[in-house]
Amino acid sequence: SSLMRLAKQQDTPVLGLSATPSKTNDRGFAESYHRSFGRLVRDGYLAKPVVHSQACVTKVRWMPEFEGEIINRRSLTKLFNSRKRDTAIVKFVEEYRGRLGKMLVFTGTIAHANSLANKLTRTGEAARTVHSRQTPRENRAALQDLREGRATCLVGVDMFARGTDLPDVQSVVMAVPTISAKRYMQMVGRGARRVEGKDCFH
């Protein structure tokens, strides 16, 4: 970036803060401070996760196919086309509705985000989508709807996995598989922000 070029030209040290769990040092960065997610929870900086993995068992058999370390699009599409899986996710949200509060649902394709949001809406959830096929204005409106309580649920792909400030989100639904610890923590981290009255998230 231009900021990094300027800092290099003037031989100025740069301090960057990140909640990303794994960092590469291939650009001359060094880690000078580190606290684990668990430690930050224990010290009261992050909300405690309450996991409901057994509450949403889809019973869908699926074998992921990879391109390098990434699950390929064809394999994900096959998984996301499973009505049985979507039914289990929607049923979970319905059963836990009173406890889940404001919610982010992560999925892996735009088509699945739209489909899942429609299914959640039909059950009475005030769901919105956030993805790259919508205009920036539409995405900002969806985020604002969640912040102001007109929406209870945002369904998206990657657009709010990093850098989106939604501290009162109380639940994160992982409807997309990943083998990346970094990506997983970025998604889960959207619910981990502490605010007054929020000690845990689902």
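1. Let me start with histidine 112, which sits in helix H6. Keep in mind throughout that this is a predicted model. Is histidine 112 buried or exposed? Its relative accessible area comes out at 3%, and with the cut-off for buried at under 20%, histidine 112 is therefore buried. Setting aside neighbours within four places in sequence, the contacts of histidine 112 are Phe80, Arg85, Asp86, Thr107 and Ala175. If you are checking protonation states, that is the list of surroundings to look at.

2. Helix H6 leads straight on to the nonpolar core. The largest one has 19 residues, and Met103, Val105, Leu116, Leu120, Cys153 and Val155 have the most contacts inside it. Helix H4 (83-95), strand E4 (103-106), helix H6 (110-122) and strand E6 (153-156) each give two or more residues to this core. Which element gives the largest share? That would be H6, with five residues. As a general background remark, nonpolar side chains in soluble globular proteins tend to be buried together.

3. Leucine 120 is a good residue to click on here. Not counting residues up to four places away in sequence, leucine 120 touches Val90, Val93, Val105, Glu125, Ala127, Cys153 and Val155. There is also a second, separate core, this one of 17 residues, with Leu104, Leu154, Leu166 and Val176 among them.

4. Now the sheet. Four strands form an open sheet in the order E5-E6-E4-E7, and the pairing is parallel. Strand E5 (127-130) and strand E7 (171-174) are at the edges with a single partner strand each, so each has one side without a neighbour in the sheet. From one strand to the next, the twist averages 20 degrees. E4 and E6 run parallel and are joined by four bridges. What is the bridge partner of methionine 103 in E6? It is cysteine 153; both residues also appear in the list of those with the most contacts inside the largest core.

5. On the aromatic side, the structure holds one pair. The ring centres of phenylalanine 92 and tyrosine 96 are 4.9 Å apart with the planes at 35 degrees, so the pair counts as tilted. Phenylalanine 92 is buried at 8% relative accessible area, and tyrosine 96, at 15% relative accessibility, counts as buried too.

6. Helix H8 (residues 181-188) has Gln186, Met187 and Val188 buried. Which elements cover the buried residues of H8? Among them are E4, E7 and strand E8 (200-201).

7. One backbone point for the Ramachandran plot: lysine 59 has a phi near 60 degrees, a positive value in a residue other than glycine. For context, most residues other than glycine have a negative phi. Lysine 59 belongs to the loop between strand E1 (48-49) and strand E2 (66-67), and with a relative accessible area of 66% lysine 59 is exposed.

8. Finally, the chain as a whole. The protein chain has eight helices and eight strands. Of its 202 residues, 37% are buried. The chain exposes about 13000 Å², and carbon and sulfur atoms supply 51% of that. Looking at contacts between residues at least 6 apart in sequence, 68% join residues at least 24 apart.

Notes. Residues are numbered from 1 along each chain as its sequence is written. This is a predicted model: local features need pLDDT of at least 70, side-chain atom pairs count only at pLDDT 80 or more; totals for chains, interfaces and linings use all residues. Side-chain values use heavy atoms; hydrogens and water are left out. A nonpolar core is a set of buried Ala, Val, Leu, Ile, Met, Phe, Trp, Tyr and Cys residues joined through side-chain atoms within 4.5 Å. Buried means under 20% relative accessible area, exposed over 50%, partly exposed in between (1.4 Å probe, protein chains only). Contact means heavy atoms within 4.5 Å. Accessible areas come from the Shrake-Rupley method with a 1.4 Å probe; for residues, only the protein chains shown count as cover. Rings of Phe, Tyr and Trp (its six-membered ring) pair if their centres lie within 6.5 Å; planes under 30 degrees apart count as stacked, over 60 as edge-to-face and the rest as tilted. Two strands pair if DSSP finds at least two bridges between them. Axes are lines fitted to C-alpha atoms, for helices over the stretch in contact, and angles run from 0 to 180 degrees between N-to-C directions.
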